[in-house]
Amino acid sequence: MDHLINAEQEANRIIDDIKTAIAEHHIKGEALKDEARALRESRQQNLPDSSEADKGKGKRAMSPLTDVDEDVDDLEDRDLPKTPAGEEHSIKRRALQQRLRECLMVLHRVKFLQGDVYHVLGALLSDKEDASYAAAETLRKDLLKCAYFQPLA
């Protein structure tokens with residue numbers, strides 16, 4: 001039983017570390033988005049007056065600066081710049097989220113095994129058994145709710 005308790009404590013430490021890394025990474029992503037937004041705004045201010053440039057064309061041409069990529073799966077990545085830094089940020093965010101998910105799956109397994117051990121040890125530990133199974137069930141439901149976790153900012 002001591003091994004399972006140690007495993008739970010270690011899993012919780014790792015989960016806390018990953019959540020901290022995700023929060024820090026989210027802040028960096030917001031900075032990237034702000035930089036990209038400022039660059040877009042400065043470029044749009046430097047464009048010639050569009051009312052005179054588009055006279056007689058019928059419909060106004062879309063600016064590549066305002067096009068929204070319809071294939072973007074994740075809302076978190078939508079405002080990131082389409083640069084190597086933006087791509088790297090997106091990949092790292094998904095990797096951190098996957099790592100968090102894997103750690104939560106391990107913690108679920110540990111809590112479930114704890115419940116099994118308490119069950120085998122007898123009725124005197126039924127409260128701990130119920131608590132372990134309840135914690136495992138909560139983790140299972142959270143894991144099934146979504147394929148990934150939003151940043152914890």
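Select Gly122 to begin. Gly122 sits just after α3 and takes a positive phi of about 120°. This is a predicted model, where local features need pLDDT of at least 70, side-chain atom pairs count only at pLDDT 80 or more, and totals for chains, interfaces and linings use all residues. Residues are numbered from 1 along each chain as its sequence is written, and side-chain values use heavy atoms, with hydrogens and water left out.

Next, select α3 itself, residues 84-121. Helices here are DSSP runs (H or I, at least four residues) and strands likewise (E, at least two), numbered from the N terminus. α3 has 38 residues and reaches 55 Å from its first C-alpha to its last. That is close to the 56 Å expected at 1.5 Å a residue, the expected span being 1.5 Å times one less than the number of residues.

Zoom out to the whole chain. The protein chain has four helices and zero strands, running α-α-α-α from the N terminus on. Buried residues (under 20% relative accessible area, against over 50% for exposed and in between for partly exposed; 1.4 Å probe, protein chains only) make up 27% of the 153 residues.

Add α1, residues 2-46, to the selection. The axes of α1 and α3 come within 9 Å and cross at roughly 160°. Axes are lines fitted to C-alpha atoms, for helices over the stretch in contact, and angles run from 0 to 180 degrees between N-to-C directions. α1 and α3 are therefore roughly antiparallel, a label for angles over 145 degrees. The contact of α1 with α3 holds 19 nonpolar, seven polar and seven charged residues. Nonpolar here covers Ala, Val, Leu, Ile, Met, Phe, Trp, Tyr, Cys and Pro; charged covers Asp, Glu, Lys and Arg; the others, Gly among them, are polar.

Stay on α1 and pick Asp16. Asp16 is partly exposed, with a relative accessible area of 47%. Now show Leu100: its C-alpha is 9.2 Å from that of Asp16, though the two are 84 residues apart along the chain.

Swap α1 for α4, residues 126-145. The axes of α3 and α4 come within 8 Å and cross at roughly 155°. That makes α3 roughly antiparallel to α4.

Finish inside. Select Ala11, Ile15, Ile18, Ile22, Leu96, Leu100, Cys103, Leu104, Leu107, Leu139 and Leu143, the eleven residues of the largest nonpolar core. Such a core is a set of buried Ala, Val, Leu, Ile, Met, Phe, Trp, Tyr and Cys residues joined through side-chain atoms within 4.5 Å. α1, α3 and α4 each supply at least two of its residues. α3 gives the most, with five.

Key
Parallel < 35°, antiparallel > 145°, perpendicular 65-115°, else oblique.
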